[in-house]
Amino acid sequence: MAGIKEIAERAGVSMTTVSNVLNKKKNVGAETREQVLRIAQELGYTHKKQNGIDGKKRTIIVSFSDFDTLFYLDILHGVSDYVNKQGYHILICNGDDLAHYSDPDEVCGCIILSSMIRDEQVLAVADKGLPVITLDRELEHPMVKAMIVNNYEGERQLMQKLVDEGFKTFAYVTGQDTPDNKERYRAFRDVLRDNDISFHRNDLYEGDWKEKSGVQTARLIMLRDLMPEVLVCANDMMAIGAIRHFQENGIRVPDDISVCGFDDIIISRYLGLTTVSVPDYERGFLAGQALLNILDGSGDYETYRIGARVKWRRTAGHGKK
C-alpha cells in the first residue's frame, strides 16, 4: 500500500500537508485538499481511524539511548508535564525498538535523543509521515524538526572563563562521536588557539559519556609526571567519575586539579561541579510543545537552538592570574 511520502511526491506538496489533509485539519486550501484525497484514493491509501475520543491519536514515542544516564530524567519530566496536560501519553523505547513502535496507526509522533539511533533510522520514521523532534542532530527532512543545544557557545564561555582565571594547561575527555561532542571540542580548541595556549595530542582522552570513562581518564592523568591544571569533560557523568577517582586517591579537587563538565545534571549541583548548564526540563517541555503544535497544524519544522550557560562552582578553582 502507498504511504504518505508517495502521496506527497505525487501531489507536489509536503508530507505535513498530506498528514493535515488526512487528519482533517482546517489549515489546507480546498484545491490542495481535493488533490491529496484524489491521489490517496488512486494509490489505494487507507487512513485508519485514530484512537482518541476526539479522533486524534494520543500516544507519542520518546526514544533514548539508554536509561541509566541521569540527564534523561529532566528531559522526560519536561516532556511528560506538557503532553500529559494536553491529554497525550508517552511510550518510552530505545533505539532497537523504534522501528517496531513507530506505527502511524498507533502513535502520532516521536521525540528522539539517542546517539545509538542512526540517521537513516530517524528518517525511516519520518518517511512514514510521523513528525519527529530530534534533540541531538539536524536532518534534512520535511517531517523532522531539530531542537538542539548551542553547545559551541556554552563551551566557549566556559573555556574563556577558565582562561581569564589564569589557567594555562588543559586536558580534555571527549564523548562519543556525535554533533554535541564535536561542537564542544571545537569550542575548547578554538578558545585555546585564540588565546595562544598550546594543546598536545596526549592531553586528549577518549570517553563514552559514562562515569566509568571519567574514572579511566583520571587514572591515566595520575600516571603523568605533571598533571594539567584543568580537566575539561564533555559531560557531567565523566567529570563526576574523574572527581571520584581523584579524591579516592588523595588528589584534591580543585587544589591539585580543577574539573569541569557539561549538562548540569541534578547531582552536579550537589557536588559543586563547575559545568555548562543545559535547561533539560525546559528542553523536554519545549520539545513536547513543538510536537503537539505540529500535530494541531500551528507548528513548524524550523531548527530551534537552546542556549546554555556556565555554572561556576567549587570544582574549578582560580588559576595563577
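Start by selecting α2, residues 15–22, and then show what its buried residues pack against: α1 (4–11), α3 (30–42) and α6 (119–127). Keep in mind as you go that this is a predicted model. Colour M15, T16, V18, S19, N20, V21 and L22, which are the buried residues of α2. Since 7 of the 8 residues of this helix are buried, α2 is largely enclosed by the rest of the structure. Buried here means under 20% relative accessible area, a handy cut-off if you want to recolour by exposure yourself. Before leaving, click on K24, just after α2: this residue takes a positive phi of about 60°.

**Next stop: the sheet**

Now select β7, β6, β8 and β9. In that order they make an open sheet of 4 strands, with parallel pairing. Which strands are at the edges? Those are β7 and β9 (258–260), each of which pairs on one side only. Zoom in on β6 and β7, which run parallel and are joined by 2 bridges. To find your bearings there, pick Y172 and look across to β7, where L204 stands opposite.

**Then the helix packed against those strands**

Select residues 211–222, which form helix α9. If you draw a distance from its first C-alpha to its last, you should get 17 Å, close to the 16 Å expected for its 12 residues at 1.5 Å a residue. Show the side chains of V215, T217, A218 and I221, which are among the buried residues of α9; S213 and G214 are buried as well. What do the buried residues of α9 pack against? Their partners include three strands you have just visited, β6 (170–173), β7 (204–205) and β8 (230–233). The helix α10 (236–248) is also packed against by these residues.

**Last stop: a pocket**

Finish at the second largest pocket, where about 520 Å³ of space lies. To centre your view, select S65, S115, Q176, T178 and W209, the closest to the pocket's centre of the 31 residues that line it. Next, add α4 (71–85) and α8 (179–194), each of which supplies at least two residues of the lining. Which of the elements gives the largest share of this lining? That is α8, with 3 residues. Finally, colour the lining by class: you will find 10 nonpolar, 8 polar and 13 charged residues around the second largest pocket.

Methods: Residues are numbered from 1 along each chain as its sequence is written. This is a predicted model: local features need pLDDT of at least 70, side-chain atom pairs count only at pLDDT 80 or more; totals for chains, interfaces and linings use all residues. Side-chain values use heavy atoms; hydrogens and water are left out. The expected span of a helix is 1.5 Å times one less than its number of residues. Buried means under 20% relative accessible area, exposed over 50%, partly exposed in between (1.4 Å probe, protein chains only). Contact means heavy atoms within 4.5 Å. On a 1 Å grid over the protein atoms alone, a cavity is a set of points where a 1.4 Å probe fits but cannot get out, and a pocket is an open set with protein on both sides within 12 Å along at least five of seven lines; lining residues have an atom within 4 Å of a point. Grid points are joined across faces, edges and corners, and a volume is the space filled by probe spheres set on the points. Ala, Val, Leu, Ile, Met, Phe, Trp, Tyr, Cys and Pro count as nonpolar, Asp, Glu, Lys and Arg as charged, and the others, Gly among them, as polar. Two strands pair if DSSP finds at least two bridges between them.
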